[in-house]
Amino acid sequence: MLKDFQPPHVYKLEGQQMYFDAVRKKYVPVTERETVRQRVVQFLIQELGVPQKMIRLGEKLSNYGLPFRHRADIVIERYDREEGVNRPVAVVECKALERTLDEAAYNEAFDYAEKLGCSYCLLTNVEEAHWFYLDADSYVELESVPTYREMISH
């Protein structure tokens, strides 16, 4: 599923390999983790119908009023009509392709999702992708991937 999506074109700027990140509207260095992040973004937009303007990359948790210095790899937002602001609906934790998705990686993904109040969570290294939904007090792994429309309807 995610394996079918490729990162953007690689540019060489001042001797360094860079991607042009269309979401952040800037060049970012090519790293293993950034490659995974860029591939996931393409999947979110093309397969799940997530509007580009509802995707935040490398988002500081403090931008959501949380007293933490950590950054989430990808946050998917929805518009809250009552409050007139965007709210997190899903968080994506990206690991490098060779990295095993171990207990620490799962705990990190769940921790970010809980802190942000997200209903959905994805942990991936592209080779593996695990989607979860917060059901009562625990995350339950999903058998199918929800579309953006399905995510914001819950």
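The following questions and answers concern a predicted model.

Biologist: How are residues numbered, and which values of pLDDT apply to this predicted model?
Modeller: Residues are numbered from 1 along each chain as its sequence is written, and side-chain values use heavy atoms, with hydrogens and water left out. In this predicted model, totals for chains, interfaces and linings use all residues, side-chain atom pairs count only at pLDDT 80 or more, and local features need pLDDT of at least 70.

Biologist: In β8, which residue is the bridge partner of Y120?
Modeller: Strands are DSSP runs of E with at least two residues, and helices are runs of H or I with at least four, numbered from the N terminus. Two strands pair if DSSP finds at least two bridges between them. Strand β7 (residues 120-124) and strand β8 (residues 129-135) run antiparallel and are joined by 5 bridges. The partner of Y120 in β8 is Y133.

Biologist: Which residue in the hairpin of β8 and β9 takes a positive phi?
Modeller: Strand β9 (residues 138-141) runs antiparallel to β8, with 4 bridges between them. The hairpin has 2 residues between the strands, and the one with a positive phi near 65° is A136.

Biologist: Which element gives the largest share of the largest nonpolar core?
Modeller: A nonpolar core is a set of buried Ala, Val, Leu, Ile, Met, Phe, Trp, Tyr and Cys residues joined through side-chain atoms within 4.5 Å. Buried means under 20% relative accessible area, exposed over 50%, and partly exposed in between (1.4 Å probe, protein chains only). The core has 25 residues, and V40, L44 and W131 are among those that touch the most other members. The largest share, 5 residues, comes from α1.

Biologist: How many residues apart in sequence are the parts that K3 and E127 tie together?
Modeller: A salt bridge is a side-chain nitrogen of Lys or Arg within 4 Å of a carboxyl oxygen of Asp or Glu. K3 and E127 form one, with their closest N and O atoms 3.5 Å apart. K3 lies in the segment before β1 and E127 in the loop between β7 and β8, so the parts tied together are apart in sequence by 124 residues.

Biologist: Is K95 buried or exposed?
Modeller: K95 forms a salt bridge with E108, their closest N and O atoms being 2.5 Å apart. K95 is in the loop between β6 and α2 (103-116), while E108 is in helix α2. E108 counts as partly exposed at 24% relative accessibility. K95 has a relative accessible area of 4%, so K95 is buried.
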